[in-house]
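Visitor: I am new to this structure. Please take one part of it and go through it closely.

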Amino acid sequence: MALRCVASRLLLASRGGSLSLRVLSCPLTRAFTSSSDEPTLITPPTAVTTDGSSLDEGPVSDMPPHQKGPFRVSAASVGVSAMAVYLPMLRVRLEEWCKWTGNSWDKVQQVVGSSFRMPACHEDIYTMAANAVVRLILQNDIDVSEIGFLGFGTESSRDNATGAIIVAGMVNKALQTLHRPTLPRSVEVPEFKHACLGGIYALKAGCRFVLTDRRHRKALVVCGDIAD
């Protein structure tokens, strides 16, 4: 469902817009060796594996290879906890556009829809992404100290070196203006560029971060594009 929502969002914002998501952290199960050298499990009561079975079924020695090791993680407990959308204010009504250009309104309506948004002269993909992230933080009262990952999926970036960190800098300036805490200095800020799949890859990377890298940390994923 999460992937389908992101894909639909990218299609609907045909000219410009950004969608920001928060990925929840998951419970972890730690396997350790007691004084008797017997494997012991500490298992959250609601943790389940991807096939629906409980994590406390069977000793560690009976587990599949991918579930062995110092940590076992429940993939079923990772998901999107909140969303926010930013769209530019400028709107072009396609029925009027068809009159200007001589295109068929019936055909355009069936294929595209009734209108599209476009960024103003002071907006670009970075400002729209930052607006979506700030809106997500404020609407859901997110504790930014828990954020360890800010992934940015787009094919409209103008900086081939540090696109995502530009968004993080804009977000921090907005939070400072509102007298709120800023993102941690240790936050990871990767950017994903792969046509219309950039947002999907950013979301998948956010899930992997929550699953494997940081316990009790959360991930923010923002994706958007400007179609010229």
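Visitor: Between which two elements is the loop in which His179 lies?

Guide: The model is a predicted one. In it, His179 lies in the loop between helix H5 and strand S9. His179 is exposed, with a relative accessibility of 74%. Its phi is positive, at about 60 degrees, although His179 is not a glycine. As background, most residues other than glycine have a negative phi.

Leu183 lies in the loop between H5 and S9 as well. While His179 is exposed, Leu183 is buried at 5% relative accessibility. Residues up to four places away in sequence aside, Leu183 touches Val144, Ile147, Leu150, Ala168, Val171, Asn172 and Leu175. Gly169 is 14 residues from Leu183 in sequence, and the two C-alpha atoms are 9.0 Å apart in space.

The two elements that border this loop also belong to a wider arrangement. Strand S8 (residues 147-153), helix H5 (residues 163-177) and S9 form a β-α-β unit that is right-handed. The strands of this unit, S8 and S9 (residues 191-192), pair in the parallel sense over two bridges. At one position of this pairing, Phe152 has Glu191 in S9 as its bridge partner.

S8 has a second partner to consider. Strand S10 (residues 218-226) pairs with S8 over six bridges, and this pairing is parallel too. Opposite Leu150 stands Leu220 in S10. Leu150 is also among the residues touched by Leu183, which brings the loop after H5 back into the picture.

How many of the residues of S8 are buried? Seven of the seven are, so the strand is largely enclosed by the rest of the structure. Burial here means a relative accessible area under 20%. Phe152 is well under that cut-off, because its relative accessible area is 1%.

Past S9, the chain comes to another loop, the one between S9 and helix H6 (198-213), and Ala195 is found there. Like His179, Ala195 has a positive phi without being a glycine; the value for Ala195 is about 50 degrees. With a relative accessibility of 43%, Ala195 counts as partly exposed.

Phe152 also leads away from the strands and towards a helix. A search of the whole structure finds two aromatic pairs. In one of them, the rings of Tyr126 and Phe152 have centres 6.4 Å apart and planes at 55 degrees, so the pair counts as tilted. Tyr126 is in helix H4 and Phe152 is in S8, so the pair ties together parts that are 26 residues apart in sequence. Tyr126 is buried, at 3% relative accessibility.

H4 (residues 125-139) is made up of 15 residues and spans 21 Å from its first C-alpha to its last, close to the 21 Å expected. The helix is mostly covered, with 11 of its 15 residues buried. Among the buried ones are Ile125, Tyr126, Met128, Ala129 and Val133. Thr127 is another residue of H4; its relative accessible area of 19% makes Thr127 buried, because the cut-off is under 20%. With residues up to four places away in sequence left out, Thr127 touches His122 and Met170. Just after H4, Asp141 takes a positive phi of about 50 degrees.

The start of H4 holds a further detail. Asp124 has its place in the loop between strand S7 (115-118) and H4, and at 16% relative accessibility it is buried. A side-chain oxygen of Asp124 reaches to within 3.0 Å of the backbone nitrogen of Tyr126. The side chain of Asp124 also makes a polar contact with the side chain of Arg158, at 2.6 Å. Apart from residues up to four places away in sequence, Asp124 touches Arg158 and Ile226.

To return to where we began, His179 is an exposed residue in the loop between H5 and S9. H5 and S9 belong with S8 to the right-handed β-α-β unit.

Conventions. Residues are numbered from 1 along each chain as its sequence is written. This is a predicted model: local features need pLDDT of at least 70, side-chain atom pairs count only at pLDDT 80 or more; totals for chains, interfaces and linings use all residues. Side-chain values use heavy atoms; hydrogens and water are left out. Buried means under 20% relative accessible area, exposed over 50%, partly exposed in between (1.4 Å probe, protein chains only). Helices (H or I, at least four residues) and strands (E, at least two) are DSSP runs, numbered from the N terminus. Two strands pair if DSSP finds at least two bridges between them. A crossover is right-handed if, with the strands pointing away from the viewer, the path from the first strand over the helix to the second runs clockwise. Contact means heavy atoms within 4.5 Å. Rings of Phe, Tyr and Trp (its six-membered ring) pair if their centres lie within 6.5 Å; planes under 30 degrees apart count as stacked, over 60 as edge-to-face and the rest as tilted. The expected span of a helix is 1.5 Å times one less than its number of residues. A polar contact is a pair of N or O atoms within 3.5 Å; within protein, one must be able to donate a hydrogen and the other to accept it, and residues adjacent in sequence count only if both atoms are side-chain atoms.
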